[in-house]
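Here's a quick briefing to read alongside the structure. Take a look at how the chains sit together before you dive into the bullets.

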There are 2 protein chains.
Amino acid sequence: MRTVEEHRAAVLRLVGPLSPRCLPVGRGLGLVLAADVVAAVDLPGADNSAMDGYAVRAEELTGAASQSPVFLPVDGDIAAGDSRRHVLSPGHAMRIMTGAPLPDGADAVVPVELTDGGASRVAVRVSPEPGRHLRRRGEDVVAGDILLRAGTRLGPGHLALAAAANVAEVAVHPRPRVAVVSTGDELVPPGSVLEHGQVVDSNHVMLCALVEAAGGEVAGAAHLRDDPLALRRLLDDPPGEPDLLLTSGGVSMGAYDTVKEVLTADGGVEFVRVAMRPGMPQGCGVVGPHQTAIVTLPGNPVSSFVSFHVFVLPALRRMAGLDPDADGSFDAVAATGWSTAPGKVEATRVVEEHGRVRPSGGQGSHVLGALSGATALAIVPAEVDHVEPGDRVRCIPLLGQEPRRAE
Amino acid sequence: MRTVEEHRAAVLRLVGPLSPRCLPVGRGLGLVLAADVVAAVDLPGADNSAMDGYAVRAEELTGAASQSPVFLPVDGDIAAGDSRRHVLSPGHAMRIMTGAPLPDGADAVVPVELTDGGASRVAVRVSPEPGRHLRRRGEDVVAGDILLRAGTRLGPGHLALAAAANVAEVAVHPRPRVAVVSTGDELVPPGSVLEHGQVVDSNHVMLCALVEAAGGEVAGAAHLRDDPLALRRLLDDPPGEPDLLLTSGGVSMGAYDTVKEVLTADGGVEFVRVAMRPGMPQGCGVVGPHQTAIVTLPGNPVSSFVSFHVFVLPALRRMAGLDPDADGSFDAVAATGWSTAPGKVEATRVVEEHGRVRPSGGQGSHVLGALSGATALAIVPAEVDHVEPGDRVRCIPLLGQEPRRAE
């Protein structure tokens, strides 16, 4: 039997960071930079005022003070965003707003509260040093500066900085495109009238949601009956030309385990038993004319859900340009004890509150109620048969079901 | 001057939870339930096997033991997903897989490891109690059970549970649809050749990204010159018929503050000074024939970014059906000291690491570099002029720029 780490490594070997693509900066949210972003212009782009006040020549105000103000004629206003080129005439002041470009010839700003606020003539009650209350061109960023490093996952603030520095496009790893295929004659869509032995196909909805919650894109989705011919056709031309193909079902040892049967015959995919509960039957490899990476998940929804977090999520992270290991795993303290599978890693569905975890309910691999109430998977090592209250356990947060941060 | 709390309340008064809509369960990811979800069927839908083994009548195995096995003819296999209706003939066993439906007449399963594993005749070495190794119909969920409560933000596990219980549609609050309008003659798109006084419109990219990162949808986006007529036309028919209109720029006291000028003349929007740094000039109200809610943000990108987190995010949360206050705010410890605006709330851009925060760089309202490096806003109360190392400070995590959880 294969260990969890061995199978995780086997899945990760199938994929690498997806080829970078240049996208408009406005489409970069959540994507990972494949190259450094370099400023195209200085920020600020010009000397400008840090205060509402008056643009002046400092030397013309030598000796100005509360008791001996210097009077200057005011030669107009400059607002933020004023794109005219102003020149400050010697012996004059100009009214200037915060962020407005400094007129040529000025070398300081006097805040309005240190003047009488005059509109045509201003009494200045202070003698400023040259450079006072100015924001200098390039004081935040200089053209050519590296603004953002390759590997950064782009958030709104990163995009604002890149855009402000006049960067139109960023080189990013695209979202991994995943095709999701559930298999099984017994599966019917939600809302069907169920006949004997029919089961609602919840894996379809669940795996598509997991792909999206992991930052991937559902390239295509399909349900297949247990029909070797239909499966072969699909493998020849996976829906949506995906970067990764995910199947669920048909991989254990039943009479109708079509996925295993067809892929074993075709080669390229290895089917293994992984020492994990739930989620023992696993497979991975490459299929079809494009050698598309494939991960075959068990059909049981709870097993499939756990397997996605343990094996597929790291692969999607690597494809997106992220570190597969930095998945947000955290240590928590067991608030209660529970028994786990001897000799297997157990992925216990737990609820985390303030750093403490407890099983979220029944842990049978068929129990979806408890899965839905969980916020994390506690990954209990194979050599542990029983978690004691107070034990430290490693946890993977559930995609889209993380608790809010502690208050 | 208005307090931050007063203005936040004024913005929140403009919006309520958006009218619920029924969506296919597969489209519910990230949305908030507007009504409880009730199971349409039992889970499991039928009694089934918890083990790979043999379906039997328990009473026929009385006295079976290692030394005195009972032999039964094997009457075929039942795989998981087998939808035929099987009947167990008296005096027989049937091979059964984990999850496969129990044949009529059987009342227990004997695990394969407690037999000789025979295919046509099996030697059973144990006398099972009735009900042993069965999963009972409805043992996880009974039709009519409330599966998920109104107010739940739907994750993959919730969707799996609803789908499995044969729920085809869920009633959810839709994503808030937001139109983003940046204003200013000086603004040009990223990648332009900049002329004197021109500035790249980073607010457009930034605000669209913030809306998406907050779970909203960009209904439309536009850039307007400082032209009252163009603004009036836009207000009459905001792009994309949004639930909320966001503008940036044109709200301070410059000569070209078109947004303030037009909206003040039209009424319905109040412009105020909020005791916050950055982000003092604010406005909110309703505009146009549909009385669309509007928030007017300052044009300075850093001020706009901060104002979005403090005033717009709570409104989007309320519209989405979430608690506006449960925004993930957390207490952190100041790793260093810093000065803040006297008499104003200061939103310091900080980096959080392991529960400790420090300013991420220059805090001038024009400094985008520091904004881009930040992971949270420390909200320092108006009565605090200086944060001391070790002080506890309340922080809002930045959308899309949260740090990974502590290891």
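**Two copies, one axis**

Turn chain A by 180 degrees, shift it 0.1 Å along the axis, and it can be laid on chain B with an RMSD of 0.1 Å (a least-squares fit on the C-alpha atoms of residues with pLDDT of at least 70 in both). The two copies are therefore related as by a two-fold rotation axis. Both use the same surface: 99% of the contact residues of chain A recur in chain B.

This is a predicted model, where local features need pLDDT of at least 70 and side-chain atom pairs count only at pLDDT 80 or more, while totals for chains, interfaces and linings use all residues. Residues are numbered from 1 along each chain as its sequence is written, and chains are lettered from A and ligands numbered from 1 in the order in which they are written.

**Where the chains meet**

- 80 residues of chain A are in contact with 80 residues of chain B (contact means C-beta atoms, placed from the backbone, within 7 Å).
- Elements giving two or more residues to chain A's side include α2 (156-164), α3 (202-213) and α6 (301-319) of chain A (helices are DSSP runs of H or I, at least four residues, and strands are runs of E, at least two, numbered from the N terminus).

**A sheet in chain A**

- Three strands of chain A make an open, antiparallel sheet, in the order β1-β12-β2 (strands pair if DSSP finds at least two bridges between them).
- At the edges sit β1 (21-24) and β2 (32-33) of chain A, each pairing on one side only.
- β2(A) pairs with β12 (residues 169-173) of chain A over two bridges, in the antiparallel sense.
- V32(A) has H173(A) as its bridge partner in β12(A).

Conventions:
Two residues are in contact if their C-beta atoms, placed from the backbone, lie within 7 Å.
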